[in-house]
Amino acid sequence: MRLRPRPVCKNGQRSSSTLATRVELGRLSRRLVFTEQRRRRGEGKGGVTTSGTATAGVAEEAGCRWEGADPTGLAGSSGVAVGFSSPGGASGGGRGWGRRRSVDDDEWRAVVVSRRKPTTATTNRNTQSPAKKMSQKPTSNGNGVVTNRQQQHQQPQQRLTLNPNTDHNPDSYDDVHNLDFSPLLFSSLERYLPDTMLNSSRDNKFHFMRDILTRYSPEGERFRLQKHKEYRQKIISNYKPLFKGLYTMHAVNFFSSSFLKAIKDNSEESFRSIISEPVPGVYSFQMLQPSFCDMLMSEVEHFERWVHETRWRIMRPSTMNKYGVVLDDFGMESMLDKLMDDYIRPMSKILFPEVGGLTLDSHHGFIVEYGLDRDVDLGLHVDDAEVTLNVCLGKQFEGGELYFRGIRCDNHVNTDTLPEEIVDYKHIPGQAILHRGRHRHGARATTSGNRLNLLLWCRSSVFRELKKYQKEFSSWCGECRREKKERQRLSVNATKQELMRRDGISAS
Ligand SMILES: O=C(O)CCC(=O)C(=O)O
Ligand SMILES: [Fe+2]
């Protein structure tokens, strides 16, 4: 009857330009600089430990869920989960949670599986990312001598300064894809560059900072990230999409007009005008056009056929899914990034501000497939996400209802469910739901036909970083709120008793 925390995965970082993010990244940069100073003084364990904390804070985490063979060859010898905790004690425990095979709703059995995802591998098939270009192309050093950039960027002393240069206006790295670290972290770190570097080219600064940051990311983790990146790139360069139009965002072809209008209006009122709340904290709205749903399902079928014919070994969305595919792995990552940035974040900002709804900056996008000849059901679990988008694509099916069991923080994920928290939701093709990842849920058996759903787990690295410092109480956790109320009740009672006792004393 217990869920165990699932260590989380790392992924590339998407930027968000909120003030909170900037402040937070500023703080992380300072921590990184401090650690760098300690490392130079020979204190601590050579950067790995604390650096992990600094970079882990801004690195996104992905719930890469595996089934069966591990195509990257990185799985533990048992073939089961390889758990990762972020270095520096910033363990992922409780951020992502085990998934789940359950016989009935009340059975909480978690399978702890996790895999680090690669960092933002770009999915653009034709263009090489600026980061890649930066790292590969030999360039002129300005004296007409062509040098290898790697050498060019190797500075005799790779040091950051202790105090930031607050007058310096940092460059933006938002357009540099394929980064292992957040573009914001680079902007933030720029103020700590030595004076000689401050006015150097963006390319130079980028390499200088990346070399420093890389020292803080453990080698094993970098290896895993690299392997996953290669895995993704291999698929993308071999698989020929059926519908190319699905791989870039074409909003008018994808979304229903009511959804488009609400997003365009971009106000609380416009969002509330299209949503209903079938379960408290779960928002439902018409989202996808039937033609888009059909195309996406055909694309998935086409991909699965290609996998079968080529005997390609792919990663399933999770250990609990024998079927289903990770859309990010075969070219849809940038389209889904856009879906999160331009459509889901604006809504989450209004609906889920307290769990990082306004700073969502990375995602894990996949398709789940249910039916008697596919996965049948899904046990009770929480997602490795701050906000989850779940859209039913079709086809015809019976069963497959979602059941919800209340929102819980890490500390309370296994606590009892109150009667009012027990609510079911029936999927309708084209219809989306948006809920907190920490809203405990599962799916009942699909008893006939096939059900395919699009899932987008959206994450906020800022929220995750901040959460580390706020372990005591989560305003959004049902159990935390109950405990707080109980504490207040006890305190009021104690005060009353004390007053009565004093009254009694003075009366005698
Ligand atoms: O089957 C569904 O609709 C829910 C899937 C889900 O919760 C998940 O994959 O995390
Ligand atoms: Fe889920």
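Why does Cys458 count as buried? In this predicted model, the answer lies in its relative accessibility: Cys458 counts as buried because the value is 0%, and the cut-off for that label is under 20%.

A second cysteine invites a similar look. Cys409 has a relative accessibility of 3%, so it too counts as buried. As for cross-links, the structure holds zero disulfides. Cys409 accordingly takes part in none, and the nearest cysteine sulfur, which belongs to Cys477, sits 3.7 Å away. A pair of cysteine sulfur atoms has to lie within 2.5 Å to be counted, so this one is not a disulfide.

The iron ion (ligand 2) makes a pleasant next stop. Its coordination comes from His381 through NE2, Asp383 through OD and His441 through NE2, at 2.1 to 2.2 Å. Read along the sequence, these donor residues follow the spacing H-x1-D-x57-H. The two histidines bring together distant parts of the chain: His381 belongs to strand β11 (residues 378–381) and His441 to strand β17 (residues 439–443), with their positions 60 residues apart. Both histidines, His381 and His441, are buried.

Stepping back to the whole protein, the fold comprises 15 helices and 19 strands. Of the 508 residues, 55% are buried. Long-range pairing is well represented: among contacts between residues at least 6 apart in sequence, 83% join residues at least 24 apart. The accessible surface comes to about 22200 Å², and carbon and sulfur atoms account for 51% of that area.

Terms used:
Residues are numbered from 1 along each chain as its sequence is written. Chains are lettered from A and ligands numbered from 1 in the order in which they are written. This is a predicted model: local features need pLDDT of at least 70, side-chain atom pairs count only at pLDDT 80 or more; totals for chains, interfaces and linings use all residues. Side-chain values use heavy atoms; hydrogens and water are left out. Donors are N, O and S atoms within 2.8 Å of the metal (3.2 Å for Na, K and Ca); water is not among the atoms, so sites may look incomplete. Helices (H or I, at least four residues) and strands (E, at least two) are DSSP runs, numbered from the N terminus. Buried means under 20% relative accessible area, exposed over 50%, partly exposed in between (1.4 Å probe, protein chains only). Contact means heavy atoms within 4.5 Å. Accessible areas come from the Shrake-Rupley method with a 1.4 Å probe; for residues, only the protein chains shown count as cover.
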